[in-house]
Amino acid sequence: MLEALFIISLALIAETIDSSIGMMYGTLLSPLLITAGYDPRLVVPSILISQALGGAVATVRHHKYRNADFRGLSRDTKVVLAIVVPGLFACIIGVFVALNIPRFVFKTYIGLLAIAMGFLCIRPYIYRFAWWKIYSIGVLSAFNKAFTGGGFGPITSTGKIIAGLNPRVSVATTTYAEVPICLIGVFAWLVALHGNIDWIFPLHLSIGAFIGGLIGPYITSKTESEKLKKLVGLLAVILGTWTLLRVFI
């Protein structure tokens, strides 16, 4: 019982942060759970399952709190598609590269990229919106996901702000875009594991993620856009630095 409450609480905290700022769920949970002794082959697909659920709930809540407009083919929905669709092709390239380059190289790459984009987010500058920037972020973030197994949230959230999106819209569309990407990842893992997974573990994570997905978007709606922009940038710098430290220390 205590173990279940521990897992649920971790997922709740991680999803609250992720759905309010656009990053941190897998980055926070994965090393914590693996360090706690859980099998990575159980942890990774379980995180993807629970993040898909938490992200779906959070997407509905972001729309409710008007952090973004996802009715039909609104501009915000098109932003999500611009991230996901081009990314499908980038994933193929990312997997190929990942199979041929040492792990420390692409961990260093993602850390430096997150730090650079975080600093660009923090600096007091107004960026103009352009669709080509959104498409570029879609390709880059999906490549990173396949290339490193992470880096989607920090790069997508900061990248769309740099591309000229309102920080709230950036967070909301990142949350939305992660849902189909996580579902594709879940399918791949289930095929690889032949469906052999302890479903109690992802169930506990999903309970926490569900609750966190209800809370995070409300926090986003109450945070001033300029403060949210700097918070997203600062968190990206912290995550990038942490990634580099794990490579070299």
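Phe 104 sits in helix H5, which spans residues 103-122, in what is a predicted model. Its relative accessible area comes out at 51%, so Phe 104 counts as exposed, the cut-off being over 50%. Phe 104 also has a distant partner along the chain: Leu 244 is 140 residues away in sequence, yet the two C-alpha atoms are 9.2 Å apart in space.

Stepping back to the whole chain, the fold is built from 10 helices and zero strands. Read from the N terminus, the order of elements is simply α-α-α-α-α-α-α-α-α-α. Of the 249 residues, 52% count as buried. Contacts across the sequence are well represented too: among contacts with a separation of 6 or more, 82% join residues 24 or more positions apart.

One helix pair can be followed in some detail. Two packed helices are described by the angle between their axes and the distance between the axes. For helix H3 (residues 40-64) and helix H9 (residues 200-221), the axes come within 7 Å and cross at roughly 30°. The crossing of H3 and H9 is right-handed. On the H3 side the contact includes Leu 42, Ile 49, Ser 50, Gly 54 and Arg 61, while H9 brings in residues including Phe 201, Pro 202, Ala 209, Gly 213 and Thr 220. Sorted by character, the residues of this contact come to 14 nonpolar, seven polar and one charged.

Ser 50, a member of helix H3, gives a close-up of that contact. With a relative accessible area of 0%, Ser 50 is buried, because the limit for that label is under 20%. Setting aside neighbours within four places in sequence, Ser 50 is in contact with Tyr 25, Pro 202, Leu 205, Ser 206 and Ala 209.

Tyr 25 leads on to helix H2 (residues 25-35), where Tyr 25, Leu 29, Ser 30, Pro 31 and Leu 33 are buried. The cover over these buried residues of H2 includes helix H1 (2-21), H3, H9 and helix H10 (225-248). Just after H2 comes Gly 37, which takes a positive phi of about 110°.

As for the nonpolar interior, the largest core has 22 residues, and the members that touch the most others are Ile 83, Met 117, Ile 134, Ile 155 and Ala 177. At least two residues of this core come from each of helix H4 (75-98), H5, helix H6 (131-148), helix H7 (152-162) and helix H8 (167-192). The biggest share is that of H4, with five residues. Ala 177, for its part, is in contact with Val 80, Ile 83, Val 84 and Phe 152, leaving aside neighbours within four places in sequence. Apart from this core lies another, of 15 residues, among them Leu 29, Leu 33, Leu 42 and Ala 209. Of these, Leu 29 and Leu 33 are among the buried residues of H2, while Leu 42 and Ala 209 take part in the contact of H3 with H9.

That leaves the charged side chains. Side chains of opposite charge can pair when their charged atoms come close. The structure holds one salt bridge, in which the side chains of Arg 71 and Asp 69 meet at 3.0 Å, N to O. Arg 71 is exposed, with a relative accessible area of 61%, whereas Asp 69 is partly exposed, at 24%.

How values were computed
Residues numbered from 1 in each chain as written. Predicted model: local features only at pLDDT ≥ 70, side-chain atom pairs only at ≥ 80, totals over all residues. Heavy atoms only, no water. Axes fitted to C-alpha atoms, helices over the stretch in contact; angles between N-to-C directions. Helix = DSSP H or I, 4+ residues; strand = E, 2+ residues; numbered from the N terminus. Left-handed = near helix turned anticlockwise from the far one by under 90°. Contact = heavy atoms within 4.5 Å. Nonpolar A, V, L, I, M, F, W, Y, C, P; charged D, E, K, R; others polar. Buried < 20%, exposed > 50% of the residue type's maximum accessible area, 1.4 Å probe, protein only. Salt bridge = Lys/Arg side-chain N within 4 Å of Asp/Glu carboxyl O. Core = buried A, V, L, I, M, F, W, Y, C linked by side-chain atoms within 4.5 Å.
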